[in-house]
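Trainee: Got a minute? I'd like to go through this one with you.
Mentor: Sure, pull it up.

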Amino acid sequence: MDYKLEPPDEPMACTWCDGLCTVVVNSVTDVSGKVHRLQVHEVVSCPHCDGTGNEPPPDPLDDPRIP
Ligand SMILES: [Zn+2]
């Protein structure tokens, strides 16, 4: 067995927060697509990995097109 590329016991770091578990929000995009820059940068726990820092497995039900 050869696991040079990706060891199976080491989960992939979250693509949103790079495994840091938090993301900095410095701008928001409204429904019309206009970007608003925020004066205060908000640090929030990563909504993608739910604060684990690991890339969650793909969920077919988690479709961003479904509200
Ligand atoms: Zn994350």
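Mentor: Let's talk through the metal site, the chain as a whole and a few single residues.

Trainee: Okay. Before that, what kind of model is this?
Mentor: This is a predicted model.

Trainee: Which residues are the protein donors of the zinc ion?
Mentor: Four cysteines do that job through their SG atoms: Cys14, Cys17, Cys46 and Cys49. They lie 2.3 to 2.4 Å from the zinc ion.

Trainee: And how are the donors spaced along the chain?
Mentor: The pattern is C-x2-C-x28-C-x2-C.

Trainee: What's the geometry at the zinc ion?
Mentor: The site is tetrahedral, with angles of 103 to 114° among the 4 donor atoms. As a yardstick, the ideal angle for four tetrahedral donors is 109.5 degrees.

Trainee: Is cysteine 14 buried or exposed?
Mentor: Cysteine 14 counts as buried because its relative accessibility is 0%, and the cut-off for buried is under 20%. Cysteine 17 is buried too, at 4%, and so is cysteine 46, at 1%.

Trainee: Which residues make up the largest nonpolar core?
Mentor: That core has 5 residues: Val23 plus Cys14, Cys17, Cys46 and Cys49. Those four cysteines are also the zinc donors.

Trainee: What does cysteine 49 touch?
Mentor: Leaving out residues up to four places away in sequence, cysteine 49 touches Cys14, Cys17, Asn54 and Pro56.

Trainee: Let's zoom out. How many helices and strands are there?
Mentor: The protein chain has 0 helices and 2 strands. Strand E1 covers 22–29, and strand E2 covers 35–45.

Trainee: What share of the chain is buried?
Mentor: Buried residues are 9% of the 67 in the protein chain. The chain exposes about 6000 Å², and carbon and sulfur atoms supply 57% of that area.

Trainee: What about contacts between residues far apart in sequence?
Mentor: Take the contacts between residues at least 6 apart in sequence: 43% of them join residues at least 24 apart.

Trainee: Now glycine 19. Where is it in the chain?
Mentor: Glycine 19 sits in the segment before strand E1. Glycine 19 counts as partly exposed because its relative accessibility is 32%, which falls between the 20% and 50% cut-offs.

Trainee: What does glycine 19 touch?
Mentor: Not counting residues up to four places away in sequence, glycine 19 touches Ala13, Cys14 and Gly53. Then there's asparagine 54: glycine 19 and asparagine 54 are 35 residues apart in sequence, but 5.9 Å apart in space, C-alpha to C-alpha.

Trainee: Switching again. What's the phi of cysteine 21?
Mentor: Cysteine 21 has a positive phi of about 70°, although it is not a glycine. Cysteine 21 is in the segment before E1 and is partly exposed, with a relative accessible area of 22%.

Trainee: How many disulfides does the count come to?
Mentor: The count comes to 0 disulfides. For cysteine 21, the nearest cysteine sulfur belongs to cysteine 49 and is 5.4 Å away. Cysteine 21 is in no disulfide, because a pair needs its sulfur atoms within 2.5 Å.

Trainee: Last one: what's the phi of aspartate 50?
Mentor: Aspartate 50 has a positive phi of about 60°, and it is not a glycine. Aspartate 50 lies in the segment after strand E2.

Trainee: And is aspartate 50 buried or exposed?
Mentor: Aspartate 50 counts as exposed because its relative accessibility is 68%, and exposed means over 50%.

Conventions. Residues numbered from 1 in each chain as written. Predicted model: local features only at pLDDT ≥ 70, side-chain atom pairs only at ≥ 80, totals over all residues. Heavy atoms only, no water. Donors = N, O, S within 2.8 Å, 3.2 Å for Na, K, Ca; no water. Tetrahedral: all angles 85-135°; square planar, octahedral: opposite > 155°, others 65-115°. Buried < 20%, exposed > 50% of the residue type's maximum accessible area, 1.4 Å probe, protein only. Core = buried A, V, L, I, M, F, W, Y, C linked by side-chain atoms within 4.5 Å. Contact = heavy atoms within 4.5 Å. Helix = DSSP H or I, 4+ residues; strand = E, 2+ residues; numbered from the N terminus. Areas by Shrake-Rupley, 256 points an atom, 1.4 Å probe, with all protein chains shown as cover.
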